[in-house]
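Me: I'm new to looking at protein models, and I'd like a close look at a single part: the place where the protein meets the DNA. Could you walk me through it?

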2 protein chains.
Amino acid sequence: MKKRISIKTIAQEVGISNATVSLVLNDKDKEGRVSREMAEKIRKVAKDLNYEPNHLARGLRMGKSQTIGLIVADISNPFFANLAFHIQEYAEKFGYSVIITNTNESDAKLVKILDVLIGHQVDGLIIVPTEHGKPAIEELVKKDFPLVLLDRWYPELQTCYVVIDNYQASKTAVQHLINKKCKRIALFGYTIDLPHMQERKRGYVDTVKKAGLFDENLIKDINYISIDADIKTALDDLFFNEKNEKPDGIFFATNSIALHGLRYMFERGVKVSKDVKAICFDKSDAFDLMESPVPCVLQPIPEMGKLAVDVLINQIVKGTVIPSKVELFAKLSTEE
Amino acid sequence: MKKRISIKTIAQEVGISNATVSLVLNDKDKEGRVSREMAEKIRKVAKDLNYEPNHLARGLRMGKSQTIGLIVADISNPFFANLAFHIQEYAEKFGYSVIITNTNESDAKLVKILDVLIGHQVDGLIIVPTEHGKPAIEELVKKDFPLVLLDRWYPELQTCYVVIDNYQASKTAVQHLINKKCKRIALFGYTIDLPHMQERKRGYVDTVKKAGLFDENLIKDINYISIDADIKTALDDLFFNEKNEKPDGIFFATNSIALHGLRYMFERGVKVSKDVKAICFDKSDAFDLMESPVPCVLQPIPEMGKLAVDVLINQIVKGTVIPSKVELFAKLSTEE
DNA sequence: AAAGAATAATTAATCGTTTAACCAAATATT
DNA sequence: AATATTTGGTTAAACGATTAATTATTCTTT
């Protein structure tokens, strides 16, 4: 493989010093540092040789890499994939590249990824944290490392967050079912011990209680490790256990739970919308194609991504971190 | 922000030279280069200080970054998101990080991304090429830059490819509809002028011709720029134009076309499976939840990703490129 | 006892870029 | 004419890690 073109190559070609080439290529040739003709000559040669600056060398020298690390729970999940898409598009506008990584909800993997990304000298991190990732992230926070947590947060950790108002969103969703005359509304949520999920549950509980419809048996916890089995068990209990009165509404607290749940209900012949109304978090392509579309809570994904980038870059350039929690609002797909 | 820990920090802490620290941390302390106690001491301090090697410095010195660049058409498309997922997981096993980027099918963006990634000193590239990206990629190929094209290919460019047998897959899909007694099978494909799409079309044409079912009016070309409008026009023409005999089968050559198409058909009350049978490329969550599931061509996504990584890393470590086209086989979701 | 080998460390150059500090010549100012 | 300023560059150090070459000990071997 041919050697890459460096500043030195250009300097030799033109018969001049490295420094001058660097000045020109960084547009620091104004203020009478380099003559017009020389600057033009250098630019021409650089273009002819198809010169691309060595990011590693520049990053090393400058102490920053113009790269940000993005850590999501699973890139193959459309919610995170969309988030990643918008983050990348937007970060690029500011000259930042994005390295996207997955934790698969594993705390151990988060720690490892953190090391790898720090090693890559990323200038900052956008993190969708894992359930017990707090210690690792807290260490970075202590060092004032630029980062912003996205989608989820740790209650007692003072840092930057971009999240949505899960409580409100959840209330709106459940209220929607109540408005549709549902009397027995089930909740399907993850067991994950992070406040975004707790907030969704709290929104559910408060809303059904207020309507006098609370029934503990209607709350089903799903472990994402055994998602398929847990959902089947829960649905079987709700719909095919003679002892129980069937629900007439289900609130799925995440998209993945909804998809698995709907699939199983379909398999078992439970008709969504007819037998039981459903609503869930986050849109899926699937919902448009069902016999009757499932309404959902729409998170403002592009805005979340952009805001995360804004908050992060602000930290990076200012060199200082002012902890803040930015909360956006979700809305129902049926609204407006 | 606190300064990052470097080898020098450790060296000073232990009261020793940089070189020794480096040797130990790279496990080159065997063969009597460093004493046992010293090595242990260094390792301990490194761990205590939570040292992470500076990737930039190492990459600069070593002339390689242990990073590979992945260029896909759209990370928010589940097909590519899954591919990205598997590529990342697998590359990690070999100690490579992956930078994921999007072209959004734009040739200009491909050129730009290529520059950015080369600047990042990626050791190699996995590329889902754009329609007219050949010149840019050809230049890299001429320089023997390690790369592998994925999913799509350029007929006259000799380099490394990992693709599926689109012709065969397409034939299988269309044959499935024929087996289901379809007599008027429509094709919905993209106008993109790349052989993977041409092969899918050829598979369709050959198969319907062989069955004596060919009718040019059933071939619909969709431009991804105006995908929504084009699909509506095409479907309107097929189903609501009095002059035409309606189709009883549709082969969607991509997932995105299928989703848009199915949605519009749903909207217009065309019953899939009852009025018209459908089959398409790549699985979507949506298909499981429809009144009657849509069968699809399943590409071996994990294998494609792994193979691409294998082929690429092989080039990188061998330092030489042997052009090759690896073809995998897709199968129907209804098979086996 | 002298030479050779093994052990255990250090020195210094290098990767490509940036940039503060410096220098020389031409031009302007007093 | 002497001095100051502008113009147009160059030098050399630095970023952090790697590694070939070197040095200084200690231990074997004859």
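Reply: Happy to! Let's start with DNA strand C: of its atoms within 4 Å of the protein, 65% belong to sugar or phosphate and the rest to bases. Before going on, please keep in mind that this is a predicted model, where local features need pLDDT of at least 70, side-chain atom pairs count only at pLDDT 80 or more, and totals for chains, interfaces and linings use all residues. Residues are numbered from 1 along each chain as its sequence is written, chains are lettered from A and ligands numbered from 1 in the order in which they are written, and side-chain values use heavy atoms, with hydrogens and water left out.

Now to the residues around DNA strand C. There are 25 of them, and the closest are I7(A), Y51(A), R58(A), R61(A) and S35(B); a residue is near a strand if one of its heavy atoms lies within 4 Å of it. By class, this surface has eleven nonpolar, nine polar and five charged residues. Here Ala, Val, Leu, Ile, Met, Phe, Trp, Tyr, Cys and Pro count as nonpolar, Asp, Glu, Lys and Arg as charged, and the others, Gly among them, as polar.

Which helices supply these residues? α2 (18-25) and α4 (55-62) of chain A, together with α2 (18-25) and α4 (55-62) of chain B, each supply at least two. The helix that gives the most is α4(A), with four residues. Helices here are DSSP runs (H or I, at least four residues), numbered from the N terminus.

Next, look at the phosphates of DNA strand C and their polar contacts (pairs of N or O atoms within 3.5 Å). In the side chain of K28(A), an N or O atom is 2.6 Å from a phosphate oxygen of this strand. From chain B, S17(B) places a polar side-chain atom 2.7 Å from a phosphate oxygen. N54(A) takes part through its backbone, with an N or O atom 3.1 Å from a phosphate oxygen.

Let's turn to the partner view, DNA strand D. Around it are 25 residues, of which T20(A), S35(A), I7(B), Y51(B) and R61(B) come nearest. Of the strand D atoms within 4 Å of the protein, 64% belong to sugar or phosphate and the rest to bases. For this strand, the largest share of the surface, four residues, comes from α4(B). A side-chain N or O atom of S35(A) is 2.4 Å from a phosphate oxygen of DNA strand D, while K28(B) has a polar side-chain atom 2.6 Å from one.

Notes. A polar contact is a pair of N or O atoms within 3.5 Å; within protein, one must be able to donate a hydrogen and the other to accept it, and residues adjacent in sequence count only if both atoms are side-chain atoms.
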